[in-house]
Amino acid sequence: MALHEIPEIDFISWRRWIIESCQLAKGRVISLLAEDHGDRMRLYGLLGIDDRGELRLAGTDLMKNDLRYPSLTPDLPEAHWFERELYEQHNILPEGHPWLKPIRRGDYAPFYRVEGEEIHEVAVGPVHAGIIEPGHFRFQCHGEKVFHLEIQLGYQHRGIETMFPKANPSRQAVLAESIAGDTVVGHALCYAHAMEGLADKSVSVRAKELRVVALELERMANHVGDLGMLSSDVGFLPASAYFGRLRGEFLNLLMELTGNRYGRSFIRPGGTLLDLSKEKILDFWKRLEKSEQEFRDVSDLFFSETSVLARFEQTGVISAELARTLGLVGFPARASGIGHDVRSDYPIGAYRVHKPPMVRLTTGDVYARARIRSLEVKRSLEFLKEGLKALTVEKTFLPCDRFKFSSLVVSLVEGWRGEIVHIAITDSSGKIRLFKIIDPSFHNWQGLQMAMRDGQISDFPLCNKSFNLSYAGHDL
Amino acid sequence: MWDILKNRWRQGYRTQTFPPRGSLPPPFRGRPAMDSRKCADDCRRCAEVCPTDAISTDPLRIDLGRCLFCQECVRVCSGGAIAFSQDYRLATRCEKDLVLEGDKMRLAQALEKKRLRLFKCSLKLRVVCAGGCNGCDLELQALNNVVFDLSRFGIQFVASPRHADGLIITGPVTVNMKLALAKTYEAVPDPKIVIAVGACAISGGPFEGSDKVLNGAHSVAPVDLFIAGCPPHPLTILDGLLRLLGRMKEG
């Protein structure tokens, strides 16, 4: 929408609007962001009323010489991370914030400490034992029991958001694909939707369908891979080997669709760069059918093993209330009973016509976060098999340029981890002057911290893999 | 128990022979091949559109250390001077060899005698993700699965740098990871090797030029092997490692 159409209100009303929308109208903070306007700082709040599929946006100004306001976090804990980000990026001080420190900058100031004679502290990272990304974890423990876990990220910070406005379109596209290496398709699609929104162009039906094929393949590959990781963490090696191999099958399908195992350089503003031949579609369908059978076998084996269930059930519980308070998104929220899925709530592209039914579980433990993966894989497989039969025949790419000037666009995609959001603002010549990225991990890292409360350190690998959050997606 | 055995039977034997029979299926994008003769006079469209400035013209060259295999160049070239082949072999010993001209490439040579004798039959590596998007790390992880089965070659990823013979570095090396990476490098006993995996670790990749990154592994340690790609296919990494250990035939 054009910038002048965005409602502008005074700061006190803006703050009240956010709190009331979230507490009374079942809303959720999707993003809080700021833009430098010379002597003022313009703040935008983007809220989602998921039940109604409604996005709300409003702006307000803070004067540069007095950048402070009463913090939202005490009333609305889901604003916690956003306020820390605003403080880090723009020096906006939320007075009364309970734990105000930078999230990415690298000066990792004091960690939260529990005092007491029998308390000990365990520090892990940034370099971990496995082949994973860097991050630092501080556990406050009493014996085996974890009282508190603080996660400090920022080691992967590459400055993507600041690089965006300076980059040309081909560079922007590869930057979007490099936000998180396991969510290439999700972020590329979100970026493409944003640019198409700014250009006021829509893509062909076939391109929309192929994009959905890529997105669902990415979802399945990651869910299956994580189930493999969870199996190795509980020492159930047969399932670990089979899930690991099956993940490869989905990645190979993605490669035959896009030319790259993670789906790089396939989705671009305007459509998709490659198409699928008739024979390929038939081949895909057969291979998906075979994978479905194999996945069912391994999944049944895994979830009927009592030693696996004993380890998963009641571990790392996140209640529905806690999930709502923290503003969790994606499958961890659905595993705690929250019915939010961008594909259903804010459908776009081919999902408008047809979408896989939402899966929801209620226990919020590691079991639920594992089980929901296998259910989502099953639904995606059925959905894709049906979709492949009915692909339309059309050109997959139409050029997309010339953006509307002085406009703001919001784009939402349900990636495999959850809600991906890109927000772009153009200047008076139609060039992008601000680009904001919210990976689902940005919301969900707090969930992992809370899942560890009163658990044991030995539960950490399970809780961690059950969420499998992105360091790169958070750090940008 | 019976279920496990039944499943094992159904899974069958899945490990891929290496080097694989046949090439990877299209549209896989492997090593690019160029033909300057097809270039129109003074045409620089491929170089202009390249997101990472990997292409120089006259003569036409692609720097695989920067290339993200994104096919923008192929899309704008009307003469068909650039095409991506399905050849997955993309590892070299020096940065200079990454700059391709025509369709030939000088692939990685084996280590010098002393280190080769030590590491040829058993190589333990520590992987450090120093920024980047995690894509290369996923492919390194994939090398451990039953399909690629890295350990059959005597190569293993280990948990501590003190147990390692060398480092694999991924990512452009962020300012925030510089210290941790330098400490890990120091903790590996001498003689050691350093391998840069992916465009980020070689040149900074898509993040080159950001003030938050140091544009590659060479900013912290001397690199012995460069494995190009974004991310490199597991077979590309495997090929590079075995070449470094002198266990691949030339070519």
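User: How many helices and how many strands does the secondary structure of chain B come to?
Analyst: This is a predicted model, in which local features need pLDDT of at least 70 and side-chain atom pairs count only at pLDDT 80 or more, while totals for chains, interfaces and linings use all residues. Residues are numbered from 1 along each chain as its sequence is written, and chains are lettered from A and ligands numbered from 1 in the order in which they are written. Taking helices as DSSP runs of H or I of at least four residues and strands as runs of E of at least two, both numbered from the N terminus, chain B comes to eight helices and eleven strands.

User: What radius of gyration does chain B have, and what would a compact globule of 251 residues have?
Analyst: Along its principal axes, the C-alpha trace of chain B spans about 65 × 45 × 35 Å. The radius of gyration is taken over C-alpha atoms, and the globule rule is 2.2 Å times the number of residues to the power 0.38. For 251 residues a compact globule would come near 18 Å, which agrees with the value for chain B, 19 Å.

User: What percentage of the residues in chain B is buried?
Analyst: A residue counts as buried if 20 or more other C-beta atoms lie within 10 Å of its own, as exposed if 12 or fewer do, and as partly exposed in between, with C-beta atoms placed from the backbone. Among contacts in chain B with a separation of 6 or more, where contact means C-beta atoms placed from the backbone and lying within 7 Å, residues 24 or more positions apart account for 77%. Of the 251 residues in chain B, the buried share is 51%.

User: Which element gives the most to the side of chain A that touches chain B?
Analyst: The interface brings 44 residues of chain A into contact with 51 residues of chain B. On the chain A side, the elements giving two or more residues are α4 (169-177), α7 (237-258) and α8 (278-303) of chain A. With eight residues, the element that gives the most is α7(A).

User: How do the residues of the side of chain A that touches chain B divide into nonpolar, polar and charged?
Analyst: Ala, Val, Leu, Ile, Met, Phe, Trp, Tyr, Cys and Pro count as nonpolar, Asp, Glu, Lys and Arg as charged, and the others, Gly among them, as polar. On that basis, the side of chain A that touches chain B divides into 22 nonpolar, 13 polar and nine charged.

User: Which strands stand at the edges of the open sheet β1-β2-β3 of chain A?
Analyst: This open sheet of three strands has antiparallel pairing, where two strands pair if DSSP finds at least two bridges between them. Nine bridges join β1(A) to β2(A) (residues 40-49), with Asp36(A) opposite Met41(A), and ten join β2(A) to β3(A), with Gly45(A) and Ala58(A) as bridge partners. Each edge strand has a single partner strand, so one side of each is left without a neighbour in the sheet; these strands are β1 (28-37) and β3 (54-63) of chain A.

User: At what angle does helix α1 of chain A run to β3(A)?
Analyst: Axes are lines fitted to C-alpha atoms, for helices over the stretch in contact, and angles run from 0 to 180 degrees between N-to-C directions. Helix α2 (residues 80-90) of chain A lies across β1 and β2 of chain A, running at about 15° to β1(A). Helix α1 (residues 11-24) of chain A lies across β1, β2 and β3 of chain A, and its angle to β3(A) is about 150°.

User: What distance separates the end C-alpha atoms of α8(A)?
Analyst: The buried residues of α8(A) include Leu288(A), Phe295(A) and Phe302(A), and what covers the buried residues includes α6 (205-233) and α13 of chain A together with α1 (2-11) of chain B. The expected span of a helix is 1.5 Å times one less than its number of residues. For the 26 residues of α8(A) this gives 38 Å, which agrees with an end-to-end distance of 37 Å.

User: Which residues does Arg360(A) touch, not counting residues up to four places away in sequence?
Analyst: Arg360(A) is found in the loop between α12 (342-345) and α13 (366-389) of chain A, and is partly exposed, with 18 other C-beta atoms within 10 Å. Arg360(A) and Arg334(A) are 26 residues apart in sequence, yet 4.9 Å apart in space, C-alpha to C-alpha. The residues touched by Arg360(A) are Arg334(A), Gly337(A) and Gly339(A).

Note on methods
Contact = placed C-beta atoms within 7 Å.
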